[in-house]
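Here is a quick tour of the model, written for someone who likes to check the geometry as they read. Have the viewer open and follow along.

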Amino acid sequence: MTHLIVERCGPGTTLQDGGRFGWQRFGLGPAGAMDRVGMARANLLVGNAPSVGAIEFALVGGRFRVEGGTVRVALGGANADLRIDGRSVPALAAATAADGSNIEVGSARDGLFSYLAVAGGLAAAADLGAVATHVRAGIGGIDGRALHAGDTLPCTLATPIGEDLALNSGFKIAAENGPIRVVLGPQDDYFSAAGLATFLGEIYTVSPQADRMGFRLTGPKIEHGPKGYNIVSDGIATGSIQVPGMGEPLVLLADRQTTGGYPKIATVITADLGRLAQMRPGTALRFKAVTRAEAVALLAAERTALDAFRAHLVPASSAADLSSERLLSLNLLDGWTAGG
Amino acid sequence: VRFLHAGDSAVIVEFGDGIDAGINAQVLALDAQLQAAALAGVVETVPTYRSLMVQVEPLAFDRDAFEAWVRAALPTLAGATLHGKRWRVPVVYGGAFGIDLEDVAARHKMTPTQVIDRHAAGVYRVYMIGFMPGYTYLGGLDPAIATPRRLDPRPKTPSGTISIGGIQALVAGQEMPSGWHLLGRTPAITFMARRDPPVLFAPGDEITFEPIGADRWPALEQAARAGDLIAEVIRA
């Protein structure tokens, strides 16, 4: 059986997939990839379905040794280097790593979360129906915890099938740089008109208190209405924006609690969750209200874009010869050496 | 009822804004009907005190049809009654297991034993399981021992903590910060992924507490970690 042996990795490295549903009624949030689209691209590059379990890195990358067979990998999400035995793999391309070789994922150059997908997926045992690691709850992944050096990750396939794919260099991924879009509610009636205007009009900044559970934002205080800032606890959705008494918003993300007692002014739309998750502390953002129907249409557009991405994958040998040579030469010029 | 947006991935059906057994019974009745109906695009339901959150797959879910379905079901929810299990849960009260017992007793001018008697005499309703895995929120606390939450929450309280906050009571699932008053601790583990079943209690169940001596803790804790439920169903 082919294995990836973790030689080193950052403290926030976890196994993630599309999330674990069906347990929120018992207090367990879904977890899953912080940037679903980033993970989906990595998976599609190696021929997997979009939500197959992958390795999520938070800012810091890692190094793995291949043992017992051959493995095909690809990187998605935050912009980071992927190297096999020191050789750079071009962005948006899969590559095959032979038995005994090293796979190295660099630190994110921008963004926060990157994803290493393995062709055929990792053979991690599902915990309550999913691989997604929820570290605070101690569930999923390997023993419910983040990965660390010495961990062994079995791969489903002994040897990858077919050849490495890459995104056709003529295909450009449309980048969305506008405001983070939200649907107001469920408790927008707990805020004054001035409070709602502040939330939708002012600039907020991602604070250093940003992790898989949620991103605390700093910025102008959002005024509550006469009903105050305590509600009888109700359900929290991924992307829910709580505004506690202090008036600064907290966006609840993959490892969120399932219920809470602060009013939620709005909910980030599913299509913008990955973009928000990639915003580093210090990043400024604005919110923009859209209707639920618009949010659903934007999610449908995201799926269409992923279908187009998949349709534009071509054999890596034909897709990116030029660019990979160029990257390799840049690495040589930089004097970069393998295995660092 | 009100239908509230929680983005594109969830809808909240809200029956009221208070803690009330009748409202909670309607939430759980709708929850049961929705689980049985398995409507297209409904992923899971999350019952809370006074509302039901419905997690959906946005591209497979017809919100208008859902709202019509719920409105049609509403007449059948009025007067809903619950038929959950009734549990007996062993608790070691006071001392290191319940560091706030004496303080709560002093506030109410009672002895610690009187507080234990009142807490253990109750038949509690599971209104909601939420926050983190296995956090079981209970109604039915004796108002004579209701105690406002602490001003300074503790950064760490142990798993299995039995606590009270205001008129609510709680069985904690895991180690977490808490501003509630810790009366005792149960060796029973409310959520354990690799046990069958992983969860003990469900919304709508009833819970009773049985005071036990601290001498029984080590053996019960060990058995619980090995997968024993410890808590006992006394009425199915």
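## A proline where two chains touch

Let's start with B:P58. Leaving aside residues up to four places away in sequence, B:P58 touches A:R292, A:V296 and A:L299, along with B:D8 and B:S9. You'll find B:P58 in the loop between β4 (51–56) and α2 (63–77) of chain B. With a relative accessible area of 7%, B:P58 is buried. For a sense of scale, take B:P218: the two prolines are 160 residues apart in sequence and 48 Å apart in space, C-alpha to C-alpha.

## How far to trust it

Keep in mind that this is a predicted model. The predictor gives the complex an ipTM of 0.93 and a pTM of 0.93. Chain B has an average pLDDT of 95, and 100% of its residues score at least 70.

For chain A the mean pLDDT is 93, with 94% of the residues at 70 or more. The stretch to watch is residues 324–340 of chain A, where the pLDDT is below 50; beyond near neighbours in sequence, that stretch has 15 contacts in the model. Where pLDDT is low, the predicted coordinates should not be read in detail.

## An open sheet in chain A

Now for some strand order. Chain A has an open sheet of eight strands with mixed pairing, running β21-β14-β15-β18-β17-β20-β13-β22. The edges belong to β21 (284–285) and β22 (287–289) of chain A; each has a single partner strand, so one side of each is left without a neighbour in the sheet.

At the β21 edge, the pairing with strand β14 (residues 204–210) of chain A is antiparallel and runs over two bridges. Which residue in β21(A) is the bridge partner of A:T205? That would be A:A284. Helix α3 (residues 270–277) of chain A packs on the sheet, where it touches β13 (180–184), β15 (214–218), β18 (250–252), β20 (264–268) and β21 of chain A. The direction of helix α3 makes about 135 degrees with that of β13(A).

## Aromatic rings

Over all chains, the structure holds 14 aromatic pairs. One of them joins B:W87 and B:F201: the ring centres are 5.2 Å apart and the planes sit at 80 degrees, so the pair is edge-to-face. This pair links distant parts of the chain, with B:W87 in strand β5 (residues 86–93) of chain B and B:F201 in the loop between β12 (181–185) and β13 (206–211) of chain B, 114 residues apart. Both B:W87 and B:F201 are buried.

What about B:F131 and B:Y135? Their ring centres are 5.4 Å apart with the planes at 85 degrees, so this pair is edge-to-face. B:Y135 counts as buried, at 3% relative accessibility. There is also a cluster in chain B, where ring pairs link B:Y49, B:Y127, B:Y137 and B:W180.

## Cysteines without partners

How many disulfides does a search of the whole structure find? Zero, over all chains. Why does A:C9 have no bond to another cysteine? The closest cysteine sulfur, in A:C155, is 15 Å from that of A:C9, which is too far for a bond.

Seen from the other end, A:C155 is in no disulfide, and its nearest cysteine sulfur is that of A:C9. At 1% relative accessibility, A:C155 counts as buried.

Technical notes:
Residues numbered from 1 in each chain as written. Chains lettered and ligands numbered in written order. Predicted model: local features only at pLDDT ≥ 70, side-chain atom pairs only at ≥ 80, totals over all residues. Heavy atoms only, no water. Disulfide = S-S within 2.5 Å. Buried < 20%, exposed > 50% of the residue type's maximum accessible area, 1.4 Å probe, protein only. Pairing = 2+ DSSP bridges. Helix = DSSP H or I, 4+ residues; strand = E, 2+ residues; numbered from the N terminus. Contact = heavy atoms within 4.5 Å. Axes fitted to C-alpha atoms, helices over the stretch in contact; angles between N-to-C directions. Phe/Tyr/Trp six-rings, centres within 6.5 Å; stacked < 30°, edge-to-face > 60°. pLDDT = per-residue confidence, 0-100.
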